[in-house]
Amino acid sequence: MDCCICELIQCLLSLALIAFLLAVVIAHVSAKMVDQTRHEKEKCFLTAEGKTESFPSLLDPHSLELSVVVPSYNEELRLPVMMDEAMEYLEKRQKNPSFTYEVIVVDDGSKDKTTEVAMGYTRKYGAQKVRVLTLVKNRGKGGAVRMGTLSCRGCLILMADADGATKFADLEKVEASLQSISPKPENMAISCGSRAHLEKESVAQRSIFRTFLMYGFHFLVWFFCVRGIKDTQCGFKLFTREAALKTFSSLHVERWAFDVELLYIAQCFRIPIAEVAINWTEIEGSKLVPFWSWLQMGMDLVFIRLRYLTGAWKLESDRKTQ
């Protein structure tokens with residue numbers, strides 16, 4: 001009986017080892033570098049008068065206090081609510097002459113009128129405050145955030161979701177959290193909005209299956225990639241310009257798990273990260289397909305770690321981003 005158990009354990013261990021080695025091979029072979037080349041149409045934006053002007057580069061010195069990057073895919077219905085709230089807040093704050101800002105709406109290859117809706121804000125507030133970057137093809141949320149970030153002028157760069165789930169005024173909490181980080185090596189720091197304090201309430205409202213997926217994803221994040229951050233997926237993150245350049249220069253994942261890779265890169269470079277609780281509301285119209293999106297994100301997490309371990313992906317120190 002004992003011999004049978006030992007043989008079974010050996011067999012299971014052998015299968016686990018084979019599965020691990022197979023995963024390593026698949027992760028390494030299937031790894032690819034992200035194409036950061038811009039289509040000619042993605043290098044420019046339209047002014048309120050319909051004139052074409054070129055986007056600046058993240059490599060240029062900053063010329064504004066804050067840039068807000070809003071990734072948007074088929075968001076013609078939800079975008080106006082978010083933009084109205086954001087612009088009202090930013091305009092009030094600009095009564096202080098030292099505060100300057102821009103909002104870059106990145107249309108991630110939408111099939112609806114997202115670009116037209118966003119251009120309405122350019123016409124209302126001017127292209128110095130609102131710019132629209134329309135991608136020729138869909139890259140995924142991570143790809144859209146990266147393309148928008150590489151076009152920013154701000155000293156600080158905020159990524160904010162188009163659904164308006166986060167109260168925009170919570171920017172002040174995230175800013176205060178960023179400013180509290182000391183020291184900031186080479187002026188690099190990141191502050192993440194967090195919904196972790198709402199987890200108990202969300203568990204009570206979710207099915208057992210979705211709760212299992214959520215905790216499973218959290219475990220994979222902790223085990224493979226990022227430790228010390230309770231909520232890696234909240235779409236309200238603030239970067240110093242230097243931290244954005246350092247992290248987005250190495251980013252490979254363009255879909256939903258890109259946040260995890262960003263924070264993994266930051267921790268590899270020892271960039272300090274703060275986390276602060278923010279207000280958040282569930283908004284209908286999420287693009288996540290519950291099971292398949294979680295499955296894809298889980299696979300991405302495993303592959304992120306394996307691809308860096310095998311050298312298929314490398315951390316870039318000063319890669320040219322344009």
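I take buried to mean under 20% relative accessible area. The model I am reading is predicted.

**Entry 1: helix α4**

I looked up how covered α4 is. Helix α4 spans residues 141-149, and 9 of its 9 residues are buried. I listed them: K141, G142, G143, A144, V145, R146, M147, G148 and T149. What do these buried residues pack against? I found four strands and two helices as partners: β3 (64-72), β4 (101-107), β5 (130-134), β6 (154-160), α8 and α9.

**Entry 2: helix α9 and its neighbour α8**

Since α9 is a partner of α4, I went there next. Helix α9 runs over residues 258-268 and is mostly covered, with 9 of its 11 residues buried. The buried set is F258, D259, V260, E261, L262, L263, Y264, I265 and A266. I noted charged names in that run, D259 and E261 among them.

How do α8 and α9 cross? Helix α8 covers residues 241-248; its axis and that of α9 come within 9 Å, at roughly 105 degrees. I therefore record α8 as roughly perpendicular to α9, since 65 to 115 degrees counts as such. K246, T247 and F248 supply the α8 side of the contact, and L262, I265 and A266 supply the α9 side. By type, I have 4 nonpolar residues, 1 polar and 1 charged in this contact. L262, I265 and A266 also appear in my buried set for α9.

I then stepped off the end of α9. Just after the helix, R270 takes a positive phi of about 60 degrees.

**Entry 3: helices α2 and α3**

I turned to α2 (residues 79-93) and α3 (residues 114-125). Their axes lie 11 Å apart, and the packing angle is about 20 degrees. The two helices are therefore roughly parallel, as the angle is under 35 degrees. The crossing of α2 past α3 is right-handed.

Which residues meet here? From α2 I have L79, P80, M83, D84, M87 and E91; from α3, T114, V117, A118, Y121 and Y125. I sorted this contact into 8 nonpolar, 1 polar and 2 charged residues. Residues three or four places apart point the same way, because an α-helix has 3.6 residues a turn.

I also checked R93, which sits in helix α2. Is R93 buried or partly exposed? At 23% relative accessibility, R93 counts as partly exposed. Leaving out residues up to four places away in sequence, R93 touches F99, L171, E172 and E175.

**Entry 4: the loop between α5 and β7**

I scanned the backbone between α5 (171-180) and β7 (190-194), where P183 lies. Most residues other than glycine have a negative phi, and most peptide bonds are trans. The bond joining S182 and P183 is cis, with omega about 0 degrees.

E186 belongs to this loop too. Its phi is positive, about 55 degrees, although E186 is not a glycine. With 66% relative accessibility, E186 counts as exposed. N187 is in the loop as well. Phi of N187 is also positive, near 60 degrees. N187 counts as partly exposed, at 34% relative accessibility.

**Entry 5: whole chain**

I closed with the totals. The chain has 10 helices and 9 strands. Of its 322 residues, 48% count as buried. Among contacts with a separation of 6 or more, 82% come from residues 24 or more positions apart. The chain exposes about 16,300 Å², and carbon and sulfur atoms supply 60% of that area.

Definitions and conventions
Residues are numbered from 1 along each chain as its sequence is written. This is a predicted model: local features need pLDDT of at least 70, side-chain atom pairs count only at pLDDT 80 or more; totals for chains, interfaces and linings use all residues. Side-chain values use heavy atoms; hydrogens and water are left out. Axes are lines fitted to C-alpha atoms, for helices over the stretch in contact, and angles run from 0 to 180 degrees between N-to-C directions. Angles under 35 degrees count as roughly parallel, over 145 as roughly antiparallel, 65 to 115 as roughly perpendicular and the rest as oblique. A crossing is left-handed if the near helix is turned anticlockwise from the far one by less than a right angle, and right-handed if clockwise. Contact means heavy atoms within 4.5 Å. Buried means under 20% relative accessible area, exposed over 50%, partly exposed in between (1.4 Å probe, protein chains only). Accessible areas come from the Shrake-Rupley method with a 1.4 Å probe; for residues, only the protein chains shown count as cover.
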